[in-house]
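Visitor: Could you walk me through this structure, a bit at a time? I'm new to it, so plain questions and plain answers would suit me.

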Amino acid sequence: MAAVIAYVDGFNLYHGLHDKYRRRYLWLDLGHLVQRLRPSDHIVAVRYFTALVRDDAAGLARQRAYLDALSVHSGGTVEVVLGRYQSKTVLCRQCGNVWASYEEKETDVNIAVSIVADAAAAASDIALIISADSDLCPAIRTARSLNARRGMIVAFPPRRSSFEIRSLIRGAFTIAAADLRNSLLPDTVRDPDTGRIYSRPGKWR
């Protein structure tokens, strides 16, 4: 039985799920999903890298409910690592209109640092990366140079792929619909310590 640490690129996963299935599988039990992907292994940790929604109170409420439900249900296996969204001004060169947009910051760096640090520390036998972001390729190469014995596996979110990652990781694969369908959190999750209930958002059904 191999020890596994999973690194989940929340932004990449969210958009892949939304593009393919809309909101059906957003209430996803990441710990259970990773265990389905590696059924014979011991899951040491699942690190979920994301950033909190900005300027959308309802969207932020849904996201917070999910993150809290995920943490409570996992019993500490899932660790949420937060980056941030940074505002930027966008100018349309054709019409001259200006508006505010946001880009996610720090998430790629946080994932890369975690992959490399865990490789150096020999924290697990296998690293399972759920992402199709080719910006992670330098981290994959560095991690391999630090610990060649540590296995590296990549699972692509739906409608996401990377030729560069496939060239580095033989056998990289796309997460199957059956694994998503069978890895949803309960519709309601109760915190045993506080009694608080976290419910699946109506828009995510």
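## A walk from the sheet to the loops

Visitor: In β7, which residue is the bridge partner of Ile 130?
Guide: Before we start, keep in mind that this is a predicted model. β6 and strand β7 (residues 151-156) pair in the parallel sense, over five bridges. One pairing to look for joins Ile 129 of β6 to Val 154 of β7. For Ile 130, the partner in β7 is Ala 155.

Visitor: And on the β1 side, which residue of β6 does Val 4 stand opposite?
Guide: Strand β1 (residues 3-9) also pairs with β6, in the parallel sense and over five bridges. Within that pairing, the residue opposite Val 4 is Ile 126.

Visitor: What is the order of the strands in the sheet?
Guide: We've just seen β6 pairing with β1 and with β7. β7 in turn pairs with β8 in the parallel sense over two bridges, with Phe 156 and Thr 174 as bridge partners. Put into the whole open sheet of six strands, with parallel pairing, the order is β3-β2-β1-β6-β7-β8.

Visitor: Which strands stand at the edges?
Guide: Look for strands with a single partner strand, so that one side is left without a neighbour in the sheet. That description fits β3 (78-82) and β8 (173-174).

Visitor: About what angle does the direction of helix α2 make with that of β2?
Guide: Helix α2 (residues 30-37) packs on the sheet. It touches β1, β2 (42-50), β3, β6, β7 and β8. Its direction and that of β2 make an angle of about 130°.

Visitor: How many of the residues of β6 are buried?
Guide: Take strand β6 (residues 126-130) one face at a time. On one side Ile 126, Leu 128 and Ile 130 are buried, and on the other Ala 127 and Ile 129 are too. Both faces are covered, and the count of buried residues is five of five.

Visitor: How many of the residues of β7 are buried?
Guide: β7 is mostly covered as well. Its tally of buried residues is five of six.

Visitor: The chain crosses from β7 to β8 through which helix?
Guide: This is a β-α-β crossover, and it is right-handed. The helix on the way from β7 to β8 spans residues 163-168 and is α6.

Visitor: How far apart are the end C-alpha atoms of helix α1?
Guide: Helix α1 (residues 10-21) has 12 residues, and at 1.5 Å a residue they should span 16 Å. The model agrees with that, because the end C-alpha atoms are apart by 16 Å.

Visitor: What do the buried residues of α1 pack against?
Guide: The buried residues here are Gly 10, Asn 12, Leu 13, Gly 16, Leu 17, His 18 and Tyr 21. Their packing partners are β1, α2, β2, β6 and α7 (177-181).

Visitor: Which residues have the most contacts inside the largest nonpolar core?
Guide: In soluble globular proteins, nonpolar side chains tend to be buried together. Here the largest nonpolar core has 34 residues. Elements giving two or more residues to this core are β1, α1, α2, β2, α3 (57-74), β6 and β7. The residues with the most contacts inside the core are Leu 30, Tyr 66 and Ile 130.

Visitor: Is Asn 147 buried or exposed?
Guide: You'll find Asn 147 in the loop between α5 and β7. Leaving aside neighbours within four places in sequence, Asn 147 is in contact with Ala 119 and Ala 122. Its relative accessibility is 14%, so Asn 147 counts as buried.

Visitor: What about Ala 122, buried or exposed?
Guide: Ala 122 sits in the loop between α4 (107-120) and β6. Its phi is positive, near 50°, in a residue other than glycine. With 52% relative accessibility, Ala 122 counts as exposed.

Visitor: Last one: what is the phi of Arg 159?
Guide: Arg 159 lies in the loop between β7 and α6 and is exposed, with a relative accessible area of 56%. Most residues other than glycine have a negative phi. Arg 159 is not a glycine, yet its phi is positive, about 55°.

Methods
Residues are numbered from 1 along each chain as its sequence is written. This is a predicted model: local features need pLDDT of at least 70, side-chain atom pairs count only at pLDDT 80 or more; totals for chains, interfaces and linings use all residues. Side-chain values use heavy atoms; hydrogens and water are left out. Buried means under 20% relative accessible area, exposed over 50%, partly exposed in between (1.4 Å probe, protein chains only). Helices (H or I, at least four residues) and strands (E, at least two) are DSSP runs, numbered from the N terminus. Two strands pair if DSSP finds at least two bridges between them. Contact means heavy atoms within 4.5 Å. Axes are lines fitted to C-alpha atoms, for helices over the stretch in contact, and angles run from 0 to 180 degrees between N-to-C directions. The expected span of a helix is 1.5 Å times one less than its number of residues. A nonpolar core is a set of buried Ala, Val, Leu, Ile, Met, Phe, Trp, Tyr and Cys residues joined through side-chain atoms within 4.5 Å. A crossover is right-handed if, with the strands pointing away from the viewer, the path from the first strand over the helix to the second runs clockwise.
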